[in-house]
Amino acid sequence: MNDVLFWTLAVLAVASGVMVFRFDSMARATFSLLTSLLCVAGEVLLLGMDYLGIVIVLMMTIEMAIMAVFMIMYMMNPAGLMPMTMIHNKRGAAVICVGVFVLLAVGIFLAPWPGRRGKPPADVTMDLGMSLMGPQMLTMMTLGMALFATIVSSVVLATRRGRYDRLGDDLRAERSDDPVRGGVGR
Amino acid sequence: MSLELFMLLGAALLCVGLFGALTQQSIVMLMMGLELMLGGVIVGAAAAWHYIAPAAPDGQVLVVLAVTAMALEMAIGFAVVTALFRSREVDMTDMAAELKE
């Protein structure tokens, strides 16, 4: 049963991963990527990581919904009504990718993998939580800082008017130069 | 099901994603390739946890790390595309490189 599930999910994951770069339509490519990543989540669930599998499902669904919006905003031909190719150096990339895959596959089959040591705890999620709030606290704090830095930098990058636009290059303007007057004390 | 098969699946996803990241000209499509590559990493990490050291939670922490990397890449990627599009009206890597010169 698990074997059938593994093979179905694996084939679907790789096939829809390939289709991401073959579809003309951006929306279809996004949902193809969603299918692929949901299959990845399925494999993670199959391996017994219940919580993380569900997290991946939820995260990817929302992420791909946002991605579809950006796709339609920025890209020509969002509906795929005309065929298009926007690729460069296809042959070189194919050679590199096949080479990397062969290298990895040889490594996978030749590596002396250690045997299974121990067995999973009764509550895998509890184990993860206790680890993140205990011995792996530094990892968790680093991730938190990275996420916070991402919030700040994405706002800085995406904003149209920064403080230098409002208050001049030396930030010493008497009044801020806003398209709409108002706000506190202006 | 075995460790090798899961690793092979991870490698396949990584290579498909690498192909996309190398060939696609559109920045958003390029980011899709990166997402696929990280998907491969997640499968590999989960398999390593399950088949090598299920008693230690470190494998799960690795998956958390990969998932976070996915989210960060996505957010920063879209912010960069927005900034680039606003200043130069481009959404392709080649055009962005040309205009720099």
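Let's start with disulfides: over all chains of this predicted model, the count comes to zero. A disulfide is a covalent bond between the sulfur atoms of two cysteines.

Why is A:Cys39 not in a disulfide? Its closest cysteine sulfur belongs to B:Cys15 and lies 18 Å away, which is too far for a bond. For A:Cys97, the nearest cysteine sulfur is also that of B:Cys15, at 6.0 Å, and A:Cys97 is in no disulfide either. The cut-off here is 2.5 Å between the two sulfur atoms.

Are these two cysteines buried or exposed? A:Cys39 is buried, and so is A:Cys97. Here are their values:

| Cysteine | Relative accessible area | Distance to the sulfur of B:Cys15 |
|---|---|---|
| A:Cys39 | 3% | 18 Å |
| A:Cys97 | 6% | 6.0 Å |

Now to the place where the two chains meet. Chain A brings 76 residues to the contact and chain B brings 70 residues. Together the chains bury about 6,700 Å², with 80% of that area on carbon and sulfur atoms. On the chain A side, the residues losing the most area to chain B are A:Phe21, A:Leu47 and A:Tyr74, which together make up 13% of what that side buries.

What holds for charged and polar pairs across this interface? Zero salt bridges are found between chain A and chain B, while six residue pairs are in polar contact.

Which helix of chain A gives the most to the side that touches chain B? That is H4(A), with eleven residues. Sorted by type, the chain A side has 51 nonpolar, 16 polar and nine charged residues.

Key. Residues numbered from 1 in each chain as written. Chains lettered and ligands numbered in written order. Predicted model: local features only at pLDDT ≥ 70, side-chain atom pairs only at ≥ 80, totals over all residues. Heavy atoms only, no water. Buried < 20%, exposed > 50% of the residue type's maximum accessible area, 1.4 Å probe, protein only. Contact = heavy atoms within 4.5 Å. Buried area = accessible area lost by both parts, 1.4 Å probe. Salt bridge = Lys/Arg side-chain N within 4 Å of Asp/Glu carboxyl O. Polar contact = N/O pair within 3.5 Å; in protein donor to acceptor, adjacent residues only side chain to side chain. Helix = DSSP H or I, 4+ residues; strand = E, 2+ residues; numbered from the N terminus. Nonpolar A, V, L, I, M, F, W, Y, C, P; charged D, E, K, R; others polar.
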